[in-house]
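Here is a friendly walk through one model, taking in its sheet, its main pocket and what a database record says about it. Have the sequence and the 3D view at hand as you read.

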Amino acid sequence: MERTFCIIKPDAVARNLQGEILAMIQAAGLRVVAMKQIRMTRRQAEGFYAVHKERPFFASLTEYMSSGPVVCAILEGDKAISRYRELMGATNPANAAEGTIRKKYAESIEANSVHGSDAPETAAYEMSYFFNALEITG
């Protein structure tokens, strides 16, 4: 069993798509073992995305991610990281495959509805950024 981290981003939460996205995740065979809705401060978003600090999109990304509520979740399943990344689809929704979350719901490259970890090390960092051991139920 592997775990990965998921964020349902502000654009999707604003459109009340949490349930539909979670249903897609569960239908893909991934289990939610922790979940909460929060509103990140700009500082929290900057800390979470610190790896991108030198990138030109850092300011707009952290502003966007702190612009409204998000849903954070930990997903569990066989090959959870790669399976969730496949379900999310390409970062650019124009390049995302049919049937993926981003193809169905994303509004733009930045407002692309979901985030997911890209590697086990990233997943471990991201899960611990938002959840403590008492909040994980699997």
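## From one loop to the whole model

Thr-91 sits in the loop between helix H5 (80-88) and helix H6 (101-105). Please keep in mind that this is a predicted model. Is Thr-91 buried, exposed or partly exposed? Its relative accessibility is 43%, so Thr-91 counts as partly exposed, given that this class lies between the cut-offs of 20% and 50%.

Thr-91 also appears in the UniProt record. In that unreviewed entry, the annotation "binding site" covers Lys-9, Phe-57, Arg-85, Thr-91, Arg-102 and Asn-112. Where do these residues lie in the model? Lys-9, Phe-57, Arg-85, Thr-91, Arg-102 and Asn-112 are included in the lining of the largest pocket.

**The largest pocket**

The largest pocket holds about 580 Å³ of space. It is lined by 22 residues, and those closest to its centre are Tyr-49, His-52, Phe-57, Leu-61 and His-115. Phe-57 thus turns up both in this central group and in the "binding site" annotation of the unreviewed UniProt entry. Helix H3 (42-48), strand S4 (114-116) and helix H7 (120-130) are the elements that give two or more residues to the lining. H7 supplies the largest share, with three residues. By residue class, the lining divides into eight nonpolar, eight polar and six charged residues.

H7 is also home to Ala-124. With a relative accessible area of 42%, Ala-124 is partly exposed. Ala-94 is 30 residues away from Ala-124 along the chain, and the C-alpha atoms of the two are separated by 30 Å.

**The sheet**

Now turn to the strands. Four of them form an open sheet with antiparallel pairing, in the order S2-S3-S1-S4. Which strands stand at the edges? They are strand S2 (31-38) and S4; each has a single partner strand, so one side of each is left without a neighbour in the sheet. From one strand to the next, the twist averages 20 degrees.

S3 (residues 70-77) pairs with strand S1 (residues 2-8) in the antiparallel sense over seven bridges. S2 and S3 also run antiparallel, and seven bridges join them. Some residue partners across these pairings are listed here.

| Residue | Partner in S3 |
|---|---|
| Phe-5 | Ile-74 |
| Thr-4 | Leu-75 |
| Met-35 | Ala-73 |

How many residues of S3 are buried? Eight of its eight residues are, and the strand is mostly covered. In a regular strand, side chains alternate between the two faces of the sheet. On one side of S3, Val-70, Cys-72, Ile-74 and Glu-76 are all buried. On the other side, Val-71, Ala-73, Leu-75 and Gly-77 are buried too, and both faces of the strand are covered. The partners in the table fall on both sides: Ile-74 belongs to one, while Leu-75 and Ala-73 belong to the other.

**The annotated domain**

Finally, the unreviewed UniProt entry gives the annotation "domain: Nucleoside diphosphate kinase-like" to residues 1-138. In the model, this span is 40% helix and 19% strand. How far apart are the end C-alpha atoms of residues 1-138? They lie 10 Å apart.

Terms used
Residues numbered from 1 in each chain as written. Predicted model: local features only at pLDDT ≥ 70, side-chain atom pairs only at ≥ 80, totals over all residues. Heavy atoms only, no water. 1 Å grid on protein atoms, 1.4 Å probe; cavity = no way out; pocket = protein on both sides within 12 Å on 5 of 7 lines; lining within 4 Å. Points joined across faces, edges and corners; volume = space filled by probe spheres on them. Helix = DSSP H or I, 4+ residues; strand = E, 2+ residues; numbered from the N terminus. Nonpolar A, V, L, I, M, F, W, Y, C, P; charged D, E, K, R; others polar. Pairing = 2+ DSSP bridges. Axes fitted to C-alpha atoms, helices over the stretch in contact; angles between N-to-C directions. UniProt positions renumbered as here; feature names shortened; annotations may be inferred. Buried < 20%, exposed > 50% of the residue type's maximum accessible area, 1.4 Å probe, protein only.
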